[in-house]
Amino acid sequence: MDDLLKIKVTIADRVYPMSISASQEASLRSSATKINATIKKLEENYAVRDKQDVLAMCALQYAAKLEQNDNNIS
């Protein structure tokens, strides 16, 4: 079994401790950075009530991109 690496990732001002394989670290950190950038952009462009609203909007954007990519592959 691979040795797990313990990291902390911050998303929307909350820290999430994770145990991951070393090969996942770069992509997880990059993903967290992109999520935080999207959150910041959404907060600047829309009147949002709280972080939950921004996180939902962010999740919807990424899910729509994934869906679009899946449709383009098919």
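This talk describes the strands, helices, salt bridges and selected residues of one protein model.

Good morning. The model is predicted, so local features require pLDDT of at least 70 and side-chain atom pairs count only at pLDDT 80 or more, while totals for chains, interfaces and linings use all residues. Residues are numbered from 1 along each chain as its sequence is written, and side-chain values use heavy atoms, with hydrogens and water left out.

I begin with the strands. Helices (H or I, at least four residues) and strands (E, at least two) are DSSP runs, numbered from the N terminus. Strands β1 and β2 run antiparallel and are joined by 7 bridges; two strands count as paired if DSSP finds at least two bridges between them. Within this pairing, Leu5 stands opposite Ile20 in β2. The hairpin of β1 and β2 has 2 residues between the strands, and Ala12 takes a positive phi near 55° there. After β2, in the loop that leads to α1, we find Ser21. Ser21 is buried, at 13% relative accessible area; here buried means under 20%, exposed over 50%, and partly exposed in between, with a 1.4 Å probe and protein chains only. Not counting residues up to four places away in sequence, Ser21 touches Asp3 and Leu4, where contact means heavy atoms within 4.5 Å.

I turn now to the helices. The axes of α1 and α2 are 9 Å apart, and the two helices pack at an angle of about 115°. For these values, axes are lines fitted to C-alpha atoms, for helices over the stretch in contact, and angles run from 0 to 180 degrees between N-to-C directions. The crossing of α1 past α2 is right-handed. On the α1 side the contact is made by Lys34, Ile35, Thr38, Ile39, Leu42 and Glu43, and on the α2 side by Lys51, Val54, Leu55, Met57, Cys58, Gln61 and Tyr62. As to the convention, a crossing is left-handed if the near helix is turned anticlockwise from the far one by less than a right angle, and right-handed if clockwise.

Two residues of α1 deserve a separate word. Which residues does Ile39 contact, leaving aside its neighbours within four places in sequence? They are Ile11, Ala12, Lys51, Val54, Leu55 and Cys58. Ile39 sits in helix α1, residues 25–45, and is buried at a relative accessible area of 3%. Ile39 and Ala12, 27 residues apart in sequence, have their C-alpha atoms 7.3 Å apart.

Thr38 also has its place in helix α1 and counts as buried, at 14% relative accessibility. Beyond its neighbours within four places in sequence, Thr38 is in contact with Cys58, Gln61 and Tyr62. With Tyr62 there is a polar contact between side chains, at 2.8 Å. A polar contact is a pair of N or O atoms within 3.5 Å; within protein, one must be able to donate a hydrogen and the other to accept it, and residues adjacent in sequence count only if both atoms are side-chain atoms.

Next, the charged pairs. How many salt bridges does the structure hold? There are 4 salt bridges, each defined as a side-chain nitrogen of Lys or Arg within 4 Å of a carboxyl oxygen of Asp or Glu. One of them joins Lys51 to Asp13, with the closest N and O atoms 3.6 Å apart. Lys51 lies in helix α2 (residues 51–73) and Asp13 in the loop between β1 (5–11) and β2 (14–20), so this pair ties together parts that are 38 residues apart in sequence. Lys51 is partly exposed at 30%, whereas Asp13 is exposed at 65%.

Lys51 also meets Glu43 in a salt bridge, at 2.7 Å from N to O; Glu43 is partly exposed, at 35%. Asp13, Glu43 and Lys51 are thus linked in a network of salt bridges. Another salt bridge is formed by Arg49 and Asp53, whose closest N and O atoms are 3.6 Å apart. Arg49 counts as exposed at 76% relative accessibility, and Asp53 is partly exposed at 24%.

Finally, Lys65. Lys65 lies in helix α2 and is partly exposed, with 46% relative accessibility. Its C-alpha is 21 Å from that of Gln24, and the two residues are 41 apart in sequence. Thank you for your attention.
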